[in-house]
Amino acid sequence: MSKTTKILIADDHQLIIEGILSYLQGIENLEIVTTNSCDDAYAKIKVALVDEPFQILFTDLSFDNVNNMSKIDSGENLIKTLRREEVQIKIGVITGHSETNRVFNVIQNLNPSAYLLKGKCNTNELNFAIQKMLADEIYYTHEIHQKLLKRALIEIQMDDVAIQILKELPKHPKISNLEGIITKDDGNFLKIRSIENKLAKLRTDLQANNNTDLVLKAKELGILD
């Protein structure tokens, strides 16, 4: 007889929980508990440690139903709390947050075993993610994996001159104003022609339509704050 996997789902929207439950119904040997708050999720996980611990937590990142009484106000803080207390539970994220910088920071800082997107996962993907997590492996949905790859490639392509240009670009209405500001490795100023060439390459690399779009893309990728 296959061992039952005990899973806790935390999300502040009941409709989302019901949608996830409908997908999980197609997977055998699961015991599923749900909650709408991070505080309750934490309490359930701690109480269960005494007798029958949860193997997996699936949580959203943002919770809109927090108030002044809430001790844990987000899925990110819930994960941090469980990590800090060294609670033995595998953690997966199911969220609508797909912004590259947010994704990168969550994975870099919280290291979830899975990252899935609301409205885009199904029974097969959830089952695959659960099996990966139980085997101590990582699973990120395809869109998230692609974003991480793109972020890594962009970081490789970024040099000090590119970062300088991107940071100064929003401050100056004319590209010509950047001459006398952007410096090369040897300390000399970059000529306007070289700045324009660098900008053209950056627009191509980041698939930006214009310089304004370039700055927005750089922020979305986390290259700029």
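# Exercises on a predicted model

Ile130 is buried, with a relative accessible area of 0%. The structure is a predicted model. The exercises start from this residue and work outwards.

## Exercise 1: Ile130

Place Ile130 in its helix and find which residues it contacts beyond its sequence neighbours.

Solution.
- Step 1. Ile130 belongs to helix H5.
- Step 2. Set aside neighbours within four places in sequence; Ile130 is then in contact with Ile7, Leu24, Ile27, Leu30, Ile56 and Phe58.
- Step 3. Check the burial. The cut-off for buried is under 20% relative accessible area. Ile130 has 0%, so Ile130 is buried.
- Step 4. Look along the chain to Glu168. The two residues, Ile130 and Glu168, are 38 residues apart along the chain, and their C-alpha atoms are separated by 45 Å.

## Exercise 2: H1 against H5

Describe how the axes of helix H1 and helix H5 cross, and list the residues that make the contact.

Solution.
- Step 1. Take H1 as residues 14–24 and H5 as residues 123–134. Their axes come within 8 Å and cross at roughly 80°.
- Step 2. Classify the angle. Angles of 65 to 115 degrees count as roughly perpendicular. H1 is therefore roughly perpendicular to H5.
- Step 3. List the contact. H1 brings Ile20, Tyr23 and Leu24. H5 brings Thr123, Leu126 and Ile130.
- Step 4. Sort the residues of this contact between H1 and H5: 5 are nonpolar, 1 is polar and none is charged.

## Exercise 3: Thr59 and H3

Decide whether Thr59 is buried or exposed, then trace its contacts and the packing of H3.

Solution.
- Step 1. Thr59 lies in strand E3, residues 56–59.
- Step 2. Its relative accessibility is 1%, so Thr59 counts as buried.
- Step 3. Beyond four places in sequence, Thr59 touches Ala10, Gly75, Leu78, Ile79, Gly92, Val93 and Ile94.
- Step 4. Turn to helix H3. Its buried residues are Gly75, Glu76, Leu78, Ile79, Thr81 and Leu82. They pack against H2, E3, E4 and H4.
- Step 5. Go just past H3. Glu86 there has a positive phi of about 55°.

## Exercise 4: The nonpolar cores

Which residues of the largest nonpolar core touch the most other members, and which element gives the most to this core?

Solution.
- Step 1. The largest nonpolar core has 28 residues. Ile45, Leu57, Leu82, Ile89, Tyr115 and Ile144 touch the most other members.
- Step 2. Find the suppliers. E1, H2, H3, E4, H4, E5 and H6 each supply at least two residues of this core.
- Step 3. H4 gives the most to this core, with 5 residues.
- Step 4. Inspect Leu57. Not counting residues up to four places away in sequence, its contacts include Leu8, Ile45, Leu78, Leu82 and Ile89.
- Step 5. A second, separate core of 21 residues includes Ile154, Leu178, Leu199 and Leu214.
- Step 6. Return to H4, residues 100–110. Thr100, Val103, Phe104, Val106, Ile107 and Leu110 are buried there. Just after H4, Asn111 takes a positive phi of about 50°.

## Exercise 5: The whole chain

Compare the radius of gyration of the chain with that of a compact globule of 225 residues.

Solution.
- Step 1. A compact globule of 225 residues would be near 17 Å. The chain has 22 Å.
- Step 2. Along the principal axes, the C-alpha atoms fill a box of roughly 70 × 40 × 30 Å.
- Step 3. Buried residues make up 41% of the 225 residues.
- Step 4. Take contacts between residues at least 6 apart in sequence. Of these, 62% join residues at least 24 apart.
- Step 5. The chain has 9 helices and 6 strands.

Key: Residues are numbered from 1 along each chain as its sequence is written. This is a predicted model: local features need pLDDT of at least 70, side-chain atom pairs count only at pLDDT 80 or more; totals for chains, interfaces and linings use all residues. Side-chain values use heavy atoms; hydrogens and water are left out. Axes are lines fitted to C-alpha atoms, for helices over the stretch in contact, and angles run from 0 to 180 degrees between N-to-C directions. Helices (H or I, at least four residues) and strands (E, at least two) are DSSP runs, numbered from the N terminus. Angles under 35 degrees count as roughly parallel, over 145 as roughly antiparallel, 65 to 115 as roughly perpendicular and the rest as oblique. Contact means heavy atoms within 4.5 Å. Ala, Val, Leu, Ile, Met, Phe, Trp, Tyr, Cys and Pro count as nonpolar, Asp, Glu, Lys and Arg as charged, and the others, Gly among them, as polar. Buried means under 20% relative accessible area, exposed over 50%, partly exposed in between (1.4 Å probe, protein chains only). A nonpolar core is a set of buried Ala, Val, Leu, Ile, Met, Phe, Trp, Tyr and Cys residues joined through side-chain atoms within 4.5 Å. The radius of gyration is taken over C-alpha atoms; the globule rule is 2.2 Å times the number of residues to the power 0.38.
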